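I open these notes with a plain aim: to go through the structure contact by contact and write down what I look up, in the order in which I look it up.

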Amino acid sequence: MNTMNTCNFEYYNTYIKKNRGISNCYGEVGSEMHDYIENVYRGNITDTSDFNQKLHNKLFELELMDLDFPSEVIKNSFVKDMDHFTKNFNKLDGEFTLEKMFVTNIKGKWLLGYIDAIQVDENDNRNIIDWKTSSKFTGSKLVDAGRQLIIYKLGLENTSGININEIKWCMLKYINVCWKLKNGNIKKKMVNRGKLIKEMKNTFEKEMLKSGMDEIEVGMILMLAESNNSFKDLPKIIADKYWLEDCFVEYEATEEVIKEVEDYIVNTIEEIENKDLHNESEWKPLDFDKEGTFYCNTLCSHRKTCPFIKEYNQKNPYKKSF
Ligand code: SF4
């Protein structure tokens, strides 16, 4: 459904003509991460010390396959985040059911899906967790991404009678730096894993100076911690007050949100059903001037064969990456 709403022509190629197309760098790394995490929770991997190496093997493979990131800057930032995640992987507590398939009927439409993980936590609550290697979602992207979690929740509750407590993403690129405020509340700051020390540097610096540490010593400690991007390189005064937690972002399934998702399902499926499968011209490409061409040039599985993006790139050589 997301494909249809992103680009009709991509949907037509993928699901009507059944052209497989090619993968992209984010999809490849995402699959590698998912597979590894799944194997940890299935008990097939108990020692995760090779997780980081697996990531770098995959990145090397991408280079050989010529699957480029949009730019070196974007690549470096993504790799730093993933590097930190794979070096600091924590297995969550609780019982897990993985890749759970469900078939359900929502507003008269049949849907099939696979849920990354259902966690039964220490309070016997059932939570749905979806691991994400993408950047955090804001605005309309949050609504787009949230539909998947809502469908999982509705699908599971409709078919199994299980009540789902929380639906959430585990955002692999991010980590929460936590500390207790004077009023007793816990403050959590979500930062990119690859910039963990850089983003917290000012706070940590103030804290160390306040404790009476020497300015030069503080500068040296922070310089080392930042170059290693390592929380473990910070002194006890910081470790006693601050701690790190994996970054979970909960999505709220309000009545309004559920209604939007139900309408989205019905409208998308009806739009597909109302198109002529044998008339390619009915399946339009996305609007490059409105949407930009990042998706087309980087993510779409038909980017090497699509005549529309090829023509657009030829006419607008300077806009190719945007
Ligand atoms: S390259 Fe762009 S226009 Fe072409 S199929 Fe993919 S998303 Fe659609």
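I began with L196, and with the contacts it makes beyond its sequence neighbours. Leaving out residues up to four places away in sequence, I find that L196 touches H84, I175, V191, N229 and F231. I note at this point that what I am reading is a predicted model, so every entry below rests on computed values.

**Core around L196**

Which residues touch the most other members of the largest nonpolar core? I find L196 in that list, together with M82, M171, L172, I175, M200 and F204, in a core of 26 residues. The elements that give two or more residues to this core are α3, α4 (51-64), α5, β4 (164-180), α7 (196-210) and α8 (215-228). Among them β4 gives the most, with six residues. I then asked where this core lies with respect to the two domains. Both domain 1 and domain 2 give residues to this core, so I place it between them. Apart from this core I find another, made of 16 residues, and I record I128, I151, V261 and I265 as being among them. As a general remark, nonpolar side chains tend to be buried together in soluble globular proteins.

**Domains and their contact**

I next looked up how the chain is divided, and found domain 1 as 2-91 + 277-312 and domain 2 as 94-193 + 244-275. The C-alpha centres of domain 1 and domain 2 lie 20 Å apart. The contact between them takes 20 residues from domain 1 and 16 residues from domain 2. On the side of domain 1 that touches domain 2, the elements that give two or more residues are α1 (2-6), α3 (25-41) and α5 (72-87). Of these α3 gives the most, with eight residues. By class, I record ten nonpolar, six polar and four charged residues on that side of domain 1.

**R147 and K58**

I turned to two residues with charged side chains, starting with R147, which is found in helix α6 (residues 139-160). Is R147 buried or exposed? R147 has 20 other C-beta atoms within 10 Å, and since 20 or more is the cut-off for a buried residue, I enter R147 as buried. Leaving aside neighbours within four places in sequence, R147 is in contact with V261 and Y264, and I note that V261 is also one of the residues of the 16-residue core. I also looked up the pair R147 and E260, which are 113 residues apart along the chain, and their C-alpha atoms are separated by 8.6 Å.

K58 lies in helix α4, which is one of the elements that give two or more residues to the largest nonpolar core. With 17 C-beta neighbours inside 10 Å, K58 counts as partly exposed. Not counting residues up to four places away in sequence, K58 touches E28, V29 and E32. For the pair K58 and G184, which are 126 residues apart along the chain, I read a C-alpha separation of 44 Å.

**Strands**

I followed β3 through its pairings. Strand β2 (residues 109-120) and strand β3 (residues 126-132) pair in the antiparallel sense over four bridges, and I118 stands opposite I128 in β3. The hairpin of β2 and β3 has five residues between the strands, and in this hairpin D124 takes a positive phi near 65°. With β4 the sense is parallel, and seven bridges join β3 to β4. In this pairing I find R126 opposite I164 in β4.

**Ligand shell**

Which residues are closest to the ligand? I count 13 residues around the ligand, and the closest are C7, P285, C296, C300 and C306. The elements that give two or more residues to this shell are α2 (8-16), α12 (294-299) and α13 (307-315). By class, the shell has ten nonpolar, one polar and two charged residues.

**Whole chain**

I closed with the totals for the chain. The chain has 13 helices and six strands, and the C-alpha trace spans about 75 × 55 × 40 Å along its principal axes. Buried residues make up 23% of the 322 residues. Of the contacts with a separation of 6 or more, 66% are between residues 24 or more positions apart.

Terms used:
Residues are numbered from 1 along each chain as its sequence is written. This is a predicted model: local features need pLDDT of at least 70, side-chain atom pairs count only at pLDDT 80 or more; totals for chains, interfaces and linings use all residues. Domain bounds come from an automatic or database domain assignment. Two residues are in contact if their C-beta atoms, placed from the backbone, lie within 7 Å. A residue is near a molecule or strand if its C-beta atom, placed from the backbone, lies within 6 Å of it. A nonpolar core is a set of buried Ala, Val, Leu, Ile, Met, Phe, Trp, Tyr and Cys residues joined through C-beta atoms within 7 Å. A residue is buried if 20 or more other C-beta atoms lie within 10 Å of its own, exposed if 12 or fewer, and partly exposed in between; C-beta atoms are placed from the backbone. Two strands pair if DSSP finds at least two bridges between them.
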